[in-house]
Amino acid sequence: MTKTAKGLTAETGEATAPTSVSGDISVPGPGAATKPYTFSLPDEVTAGSAAQATDDTIVYGASKATDTSLAVRLGNGVLQQVITIKDAAASHAYTFHVDSRLTPSPSTDGDVMLTSKGEAGAASALNASVAKAWALDANAKPVPTHYEVRQGSIVQVIDFTADTAFPVTADPTYWYWWGERIVSTWSQTKQIKAFADAGNYGYAPWFCGIFGIAAGAACGLVMTAGINAISNQARYGVAHGKCLYEDVPFVGAPRVYTGTCPGTSGGGGV
C-alpha cells in the first residue's frame with residue numbers, strides 16, 4: 001500500500017481505499033480523461049480511520065467493542081470488504097453504493113452483475129460482478145444471506161438471530177475488469193447448443209458476427225475461451241433455462257458461464 005492525500009492505494013495503483021468509512025473506494029478509468037469509478041463502504045458501518053494491517057488489507061476498527069468493524073482488501077482486479085458483526089443488536093442489512101455509471105443486476109445464481117452504461121470518450125468499458133453472498137458464524141457455520149438491489153445500490157441481507165454464534169463474518173467481493181460482457185439471448189443460446197450437438201464447432205464466425213466482434217484478434221478471444229467451454233455452457237444453459245455469458249477482458253483470459261436471460265426475471269423461454 002502507498003499512502004496518498006486521497007487514501008491508501010494498492011501497489012498496483014489500480015484502486016484506492018478512503019481514509020475513513022465515509023469515503024469511497026476509487027478505481028481508475030481506462031484513460032486520463034475518464035473519471036474514476038467509485039464503490040462505497042457499507043452505510044451501516046461507523047468505524048474508525050483506516051489503518052494498514054497487512055500488505056493488501058486495510059482495517060477500519062470499531063470505536064466500541066460491540067460495533068461492526070470492516071476490513072478491505074484491494075488489488076489485482078478484486079475489491080473485498082469483510083464485515084465483522086459483533087452481536088444480534090447489529091444491522092441485518094449492509095448497503096453498498098456503486099458508481100452511477102454501473103447498473104447492478106442480480107442473477108438467479110445469487111451473484112450480482114455490474115455493467116457499464118458507457119462513457120463518451122472511454123476506450124473501454126468497466127464490467128464487474130459481486131460474488132454470491134456468504135456469511136459464517138463464530139463456529140464457521142453458514143448464516144443465511146443474500147443480495148438485493150435497491151435503488152441502484154447492492155444490499156447484503158444477513159439473517160442472523162439471537163441464537164447465532166457471534167461474531168458473524170460476511171464478505172462481499174467485487175471482481176472487475178476493463179472489457180466487454182457478451183450476453184446471449186435464449187434463442188442464441190439454443191442455436192449455439194444446436195451447433196455443438198451437430199458437431200459443428202466452427203461457429204466462431206457466426207458467434208462473432210451476432211455480437212458485433214471484429215474479425216481477427218478480438219474474435220480470436222472467443223477461440224481463446226475455448227469452443228468446448230462455450231458449447232458445454234450453452235448445453236447447461238438450455239437444460240436449466242439460462243443464457244450464455246462471456247466476459248472478455250482486454251487483458252487476461254475470457255470467462256464463460258450462464259446466467260439470467262436478457263429481458264427476464266428468471267430463466268429462458270424468450
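Reader: Which residue takes a positive phi just after H1, and what is the value?
Author: Gly199, just after H1, takes a positive phi of about 80°. The model is predicted, with local features needing pLDDT of at least 70 and side-chain atom pairs pLDDT 80 or more, while totals for chains, interfaces and linings use all residues. Residues are numbered from 1 along each chain as its sequence is written, and side-chain values use heavy atoms, without hydrogens and water.

Reader: What span should helix H1 have, and how far apart are its end C-alpha atoms?
Author: A helix here is a DSSP run (H or I, at least four residues), numbered from the N terminus, and its expected span is 1.5 Å times one less than its number of residues. H1, residues 186-197, has 12 residues and should therefore span 16 Å, which agrees with end C-alpha atoms 16 Å apart.

Reader: Which residues of H1 are buried?
Author: With buried meaning under 20% relative accessible area for a 1.4 Å probe, protein chains only, the buried residues of H1 are Trp186, Gln188, Thr189, Ile192, Phe195 and Ala196.

Reader: How do the axes of H1 and H4 cross?
Author: Two packed helices are described by the angle and the distance between their axes. The axes of H1 and H4 (residues 227-240), lines fitted to C-alpha atoms over the stretch in contact, with angles from 0 to 180 degrees between N-to-C directions, come within 8 Å and cross at roughly 120°. H1 and H4 are therefore oblique to each other, oblique being what remains outside under 35 (roughly parallel), over 145 (roughly antiparallel) and 65 to 115 degrees (roughly perpendicular). The contact (heavy atoms within 4.5 Å) includes Trp186 and Ile192 of H1, and Ile230 and Val238 of H4.

Terms used. Helix = DSSP H or I, 4+ residues; strand = E, 2+ residues; numbered from the N terminus. Buried < 20%, exposed > 50% of the residue type's maximum accessible area, 1.4 Å probe, protein only.
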